[in-house]
Amino acid sequence: MTEFSRRALLTGACAVLLLGNAQTPAVANPAVKKLPGGKLSVRLRDLTALATVGGAARIGSIKGIPVGIARTATNKYVALDLRCPHQGATVDRTEQGWLCNVHLSEFESDGDLQLGPATTGLKKIAIKVSRGVAVVG
């Protein structure tokens, strides 16, 4: 039987955590397309995370800004700047909403502030929905 050092075990555990948290970039998701001017086009029905109210997903970036989208009602969506308003770190999706792993600020799926140290919610980004397609940016 092979013995593992504590360092090898911790390194492997960290790799699993990092890879498990990886998100599919927009260019790899066929539901998301880049448009001229840096905007994103999103076929909403093709993102399973948005199948129910309260669902949210990271969709890519616009001019270097990480962007997410959340379903707030049956036919309503909000686009979010995924930089934490506290110090600008990118937030990650959780079961309850969004989390800044730097200082543990928590946000609802629609970007509203739940727990600081951030003092405001995530910034909203322009979004227009027509015929099941959202244009963000």
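Mentor: Before we place any residue in a loop, recall that strands here are DSSP runs of E of at least two residues, numbered from the N terminus. The model in front of us is a predicted one, and by that count the protein has one helix and 12 strands.

Trainee: In what order do the elements of the protein run from the N terminus on?

Mentor: The helix comes at the start of the order, and the strands follow it, as α-β-β-β-β-β-β-β-β-β-β-β-β. Of the 137 residues, 32% count as buried, and the accessible surface comes to about 8,700 Å², with 56% of that area belonging to carbon and sulfur atoms.

Trainee: How should I read the pairing of strand 1 and strand 2, and over how many bridges do they pair?

Mentor: A general idea helps with the side chains, since in a regular strand they alternate between the two faces of the sheet. In this structure, strand 1 (residues 32-34) and strand 2 (residues 40-43) pair in the antiparallel sense over three bridges, and K34 has L40 as its bridge partner in strand 2. The two strands form a hairpin with five residues between them, and G37, which is in the turn, has a positive phi of about 85°.

Trainee: Which strand do four bridges join to strand 2?

Mentor: That is strand 12 (residues 133-136), which runs antiparallel to strand 2; within this pairing, V42 has A134 as its bridge partner in strand 12.

Trainee: G37 is a glycine, but which residue has a positive phi of about 50° although it is not a glycine?

Mentor: That residue is K63, and it lies in the loop between strand 3 (56-62) and strand 4 (65-73). K63 has a relative accessible area of 71%, and because the cut-off for exposed is over 50%, K63 is classed as exposed. L104 is also not a glycine and has a positive phi, of about 65°, and its place is in the loop between strand 7 (97-99) and strand 8 (106-108).

Trainee: How many salt bridges does the structure hold, and how do I read them?

Mentor: As a general idea, side chains of opposite charge can pair when their charged atoms come close. The structure holds three salt bridges. In one of them, the side chains of R43 and D46 meet at 2.5 Å, N to O; R43 is partly exposed, at 28% relative accessibility, and D46 is likewise partly exposed, at 35%.

Trainee: Is D81 buried or exposed, and what does its side chain meet?

Mentor: D81 is buried, at 5% relative accessibility, and its side chain meets that of R83 in a salt bridge of 2.7 Å, N to O, whereas R83 is partly exposed, with a relative accessible area of 35%.

Trainee: Which residue forms a salt bridge with D112?

Mentor: K124 does, with the closest N and O atoms 3.9 Å apart. The pair links distant parts of the chain, 12 residues apart, with D112 in the loop between strand 8 and strand 9 (113-115) and K124 in strand 10 (residues 124-125). D112 counts as partly exposed, at 39% relative accessibility, as does K124, at 43%.

Trainee: What of the aromatic rings, and which residue lies over the face of W98?

Mentor: A pair of aromatic rings is described by the distance of the centres and the angle of the planes. Here the count comes to zero aromatic pairs, but R93 lies over the face of W98, at 5.5 Å from the ring centre.

How values were computed: Residues numbered from 1 in each chain as written. Predicted model: local features only at pLDDT ≥ 70, side-chain atom pairs only at ≥ 80, totals over all residues. Heavy atoms only, no water. Pairing = 2+ DSSP bridges. Buried < 20%, exposed > 50% of the residue type's maximum accessible area, 1.4 Å probe, protein only. Areas by Shrake-Rupley, 256 points an atom, 1.4 Å probe, with all protein chains shown as cover. Phe/Tyr/Trp six-rings, centres within 6.5 Å; stacked < 30°, edge-to-face > 60°. Lys NZ or Arg CZ within 6 Å of the ring centre and 35° of its normal. Salt bridge = Lys/Arg side-chain N within 4 Å of Asp/Glu carboxyl O.
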